[in-house]
Amino acid sequence: MVSLAAVILAGGRSSRMGRDKALMSLGGEVLIQRTCRVAMACADAVYIVTPWGDRYQALLPATVTLIEERAATPLGEVSPGPLVALVQALGVLAELEHRPDWVLALACDLPNLSAATLAAWRGELTQVEAHQLAYLPQRQGRWEPLCGFYRVAALEDLRRYVALGGKSFQPWLNQRPVAAIPSADERMLVNVNTPTDWAAWQTAIDMDSER
């Protein structure tokens, strides 16, 4: 089996939600705790990229490593965005003595994540061709970049893309060899960005529990 680290991206300001999404309650745990728990069940190590490590540290297992997300400007008022945050994490992992082959990139706002599904996808990484840089699900014709896998060896290509002004995953993915995860369950890819999204997710959960 290939070696795998999970990188959870928790650097967004949750401006559309109006409060920190990572700290929203899912019963006995908050969202970032659940994401960590799922990631720990299917990866060899778990990292969180965030500018607010102090906010989350006490909530996390001691085995989870925090990577400080660096701001896009010297004054620190602009988040670099998830693509740059992932590149920062890959840079840290690439320097490890035993660096992983792959990284599982996860947004912190995916309440339907399944450890069993992610573990099954991990098992398929041995079938990804050597020249393919990522293994990702698709939804409505677009890549889902924050619920899938990237080779750590893609770091230099990503750095060049960012250095040329690239800020979005989609153009990079559309111009690179990427393998699609077949028949990905779209329910697992649901994220929550607004109070409306959160209410819709809770309604769906309630309906499922009544069936």
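These numbered points walk through a predicted model of one protein chain.

1. Overall make-up. The protein chain has seven helices and nine strands. It runs to 211 residues, and buried residues make up 50% of them. The chain exposes about 10,600 Å². Carbon and sulfur atoms supply 50% of that exposed area.

2. Contacts along the sequence. Take the contacts between residues at least 6 apart in sequence. Of these, 71% join residues at least 24 apart. Keep that figure in mind when you trace the chain by eye.

3. The core. The largest nonpolar core holds 69 residues. Which of them touch the most other members? They are V7, L118, C147, F149, Y150 and L173. Helix α3, residues 82–94, gives this core its largest share, eight residues.

4. A closer look at C147. This residue is one of the core members named above. Set aside residues up to four places away in sequence, and C147 touches A105, L106, L110, L113 and L118. Its list also includes W121, P137, M188 and L189. Note L118 here: L118 is itself among the core residues that touch the most other members.

5. Helices α1 and α4. Two packed helices are described by the angle between their axes and the distance between the axes. Helix α1 covers residues 31–42, and helix α4 covers residues 115–123. Their axes come within 9 Å and cross at roughly 35°. The crossing is right-handed. On the α1 side, V38, A41 and C42 make the contact. On the α4 side, A115, L118, A119 and R122 do so. By class, the contact has six nonpolar residues, no polar ones and one charged. L118 thus turns up in the α4 side of this contact and in the core.

6. Helices α3 and α5. Helix α5 spans residues 155–163. The axes of α3 and α5 come within 10 Å and cross at roughly 145°. This crossing is left-handed. From α3, the residues are L83, V84, V87, L90, G91 and A94. They meet L155, L158, R159, Y161 and V162 of α5. The contact counts nine nonpolar residues, one polar and one charged.

7. Glutamine Q170. It sits in helix α6, residues 169–174. Is Q170 buried or exposed? Q170 is buried, because its relative accessible area is 11% and buried means under 20%. Beyond its neighbours within four places in sequence, Q170 is in contact with R142, W143 and P145.

8. Glutamate E29. Look for E29 in the loop between β1 (4–9) and α1. E29 has a relative accessible area of 17%, so it counts as buried. Leaving out residues up to four places away, E29 touches M24, R34 and R37.

9. Proline P61. Where is P61 found? It lies in the loop between α2 (53–56) and β3 (65–68). Its relative accessibility is 34%, so P61 counts as partly exposed. That class falls between the cut-offs of 20% and 50%. P61 and C36 are 25 residues apart along the chain. Their C-alpha atoms are separated by 8.4 Å.

10. What to check on screen. Start with C147 and find L118 and W121 among its contacts. Then move to the α1 and α4 crossing and pick out R122 on α4. Finish with the loop that holds P61, and with C36, whose C-alpha atom is 8.4 Å from that of P61.

Technical notes. Residues are numbered from 1 along each chain as its sequence is written. This is a predicted model: local features need pLDDT of at least 70, side-chain atom pairs count only at pLDDT 80 or more; totals for chains, interfaces and linings use all residues. Side-chain values use heavy atoms; hydrogens and water are left out. Helices (H or I, at least four residues) and strands (E, at least two) are DSSP runs, numbered from the N terminus. Buried means under 20% relative accessible area, exposed over 50%, partly exposed in between (1.4 Å probe, protein chains only). Contact means heavy atoms within 4.5 Å. Accessible areas come from the Shrake-Rupley method with a 1.4 Å probe; for residues, only the protein chains shown count as cover. A nonpolar core is a set of buried Ala, Val, Leu, Ile, Met, Phe, Trp, Tyr and Cys residues joined through side-chain atoms within 4.5 Å. Axes are lines fitted to C-alpha atoms, for helices over the stretch in contact, and angles run from 0 to 180 degrees between N-to-C directions. A crossing is left-handed if the near helix is turned anticlockwise from the far one by less than a right angle, and right-handed if clockwise. Ala, Val, Leu, Ile, Met, Phe, Trp, Tyr, Cys and Pro count as nonpolar, Asp, Glu, Lys and Arg as charged, and the others, Gly among them, as polar.
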